[in-house]
Amino acid sequence: MILEGEHVRLRPATAEDLPAYTRWYTDPDFRYYMGAEGETFDTLLSPRPNGANFSVEENGGRLIGFVFVTGIRTINRHCELGLVAIGEPDARDKGYGTEMLELVLGHCFDGLGMHQVSIRTAEFNERACHTYAKIFPHEMRHRECVWSDDRFWDEVYFDITEEEWAARA
Ligand SMILES: CC(C)(COP(=O)(O)OP(=O)(O)OC[C@H]1O[C@@H](n2cnc3c(N)ncnc32)[C@H](O)[C@@H]1OP(=O)(O)O)[C@@H](O)C(=O)NCCC(=O)NCCS
């Protein structure tokens with residue numbers, strides 16, 4: 001499955017992408033915002049019946065990020081955008097993350113027939129909160145469940161329904 005946008009292109013993630021993913025995770029700043037405790041991306045190498053892993057390329061083919069659809073539930077028609085990142089620092093704040101999320105949401109609703117899609121981040125990730133709030137109209141919090149910088153932070157959940165997605169078009 002290829003999802004083509006104006007500035008970015010989403011394609012299935014493959015084992016060849018692992019060196020770039022690993023390089024991004026060596027950046028402490030990236031790990032801080034990803035909340036990662038040593039991601040290995042083993043799932044890239046095995047089939048995922050209830051998920052879909054996309055790598056993101058900018059025009060010209062440079063690999064710049066990833067977005068993983070996780071926990072697809074067929075009866076509830078719900079899934080989550082589990083791992084989300086623009087990994088290349090110079091590719092952030094150019095609108096690519098917003099376009100990537102819109103493309104993958106189009107796939108979740110129009111391709112997979114989902115009813116509701118959610119995404120979450122820690123409240124200290126202000127750029128992610130801002131980006132998600134632009135697209136996902138509903139927000140809720142799990143209070144004080146993230147430990148970072150010697151204190152607890154809320155985890156912020158954002159979601160959008162198929163009706164709300166259709167109304168955006
Ligand atoms: C979060 C992330 C996916 C967003 O992708 P992106 O390509 O940078 O996002 P966009 O350029 O589409 O939009 C960024 C928005 O955040 C705003 N922004 C940037 N820094 C900000 C900050 N510190 N606080 C609040 N908003 C901020 C930008 O102005 C822009 O909003 P605008 O379109 O209203 O001007 C990306 O920055 C990223 O991967 N960061 C590092 C890893 C990470 O945090 N992943 C998410 C984990 S849940």
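This report walks through a predicted model, starting at the ligand and moving out to a few individual residues.

## Around the ligand

Let's begin with the ligand. There are 20 residues around it, and those that come nearest are Tyr33, Gly97, Thr98, Glu126 and His130. Four elements each give two or more residues to this shell: helix H2 (28–34), strand S5 (78–86), helix H3 (96–111) and helix H4 (126–135).

Which element supplies the largest share of the shell? That would be H4, with 5 residues. As for chemistry, the shell around the ligand is a mix: 8 nonpolar, 7 polar and 5 charged residues.

## How H3 and H4 pack

Two of the helices that contribute to the shell, H3 and H4, also meet one another. Their axes come within 10 Å and cross at roughly 45°. That angle is why H3 counts as oblique to H4, and the crossing is a right-handed one.

Who touches whom here? On the H3 side the residues are Gly97, Thr98, Leu101 and Glu102, and on the H4 side they are Thr131, Lys134 and Ile135. Sorted by class, this contact has 2 nonpolar, 3 polar and 2 charged residues.

## Thr98, at the ligand and at the helix contact

Thr98 sits in helix H3 and turns up in both pictures so far: it is among the residues that come nearest the ligand, and it is part of the contact with H4. Setting aside residues up to four places away in sequence, Thr98 touches Thr131, Lys134 and Ile135.

Is Thr98 buried or partly exposed? It has 16 other C-beta atoms within 10 Å, so it goes down as partly exposed. If you want a distance to check in your viewer, try Thr98 to Asn53: they are 45 residues apart in sequence, and their C-alpha atoms are 17 Å apart in space.

## Asp154 on strand S8

Over on strand S8 (residues 151–161) you'll find Asp154. What does Asp154 contact, once neighbours within four places in sequence are left aside? The list is Glu123, Arg141, His142, Arg143 and Glu144.

Asp154 has 15 C-beta neighbours inside 10 Å, so it is classed as partly exposed. Thr121 is 33 residues away from Asp154 along the chain, yet the two C-alpha atoms are separated by 8.8 Å.

## Loops, and two positive phi values

Now for some backbone. Most residues other than glycine have a negative phi, which is a reason to look at two loop residues here. Arg77 has a phi near 50°, a positive value in a residue other than glycine, and Asp150 has a positive phi too, near 60°.

Where do these two sit? Arg77 is in the loop between strand S4 (63–73) and S5, while Asp150 is in the loop between strand S7 (138–148) and S8. Their surroundings get separate labels: Arg77 is partly exposed because it has 17 C-beta neighbours inside 10 Å, whereas Asp150 is exposed because it has 5.

One more loop residue is worth a look. Arg92 lies in the loop between S5 and H3, and its 16 C-beta neighbours inside 10 Å mean that it counts as partly exposed. Arg92 and Arg127 are 35 residues apart along the chain, with 9.9 Å separating their C-alpha atoms.

Technical notes. Residues numbered from 1 in each chain as written. Predicted model: local features only at pLDDT ≥ 70, side-chain atom pairs only at ≥ 80, totals over all residues. Near = placed C-beta within 6 Å. Nonpolar A, V, L, I, M, F, W, Y, C, P; charged D, E, K, R; others polar. Axes fitted to C-alpha atoms, helices over the stretch in contact; angles between N-to-C directions. Parallel < 35°, antiparallel > 145°, perpendicular 65-115°, else oblique. Left-handed = near helix turned anticlockwise from the far one by under 90°. Contact = placed C-beta atoms within 7 Å. Buried ≥ 20, exposed ≤ 12 C-beta atoms within 10 Å, placed from the backbone.
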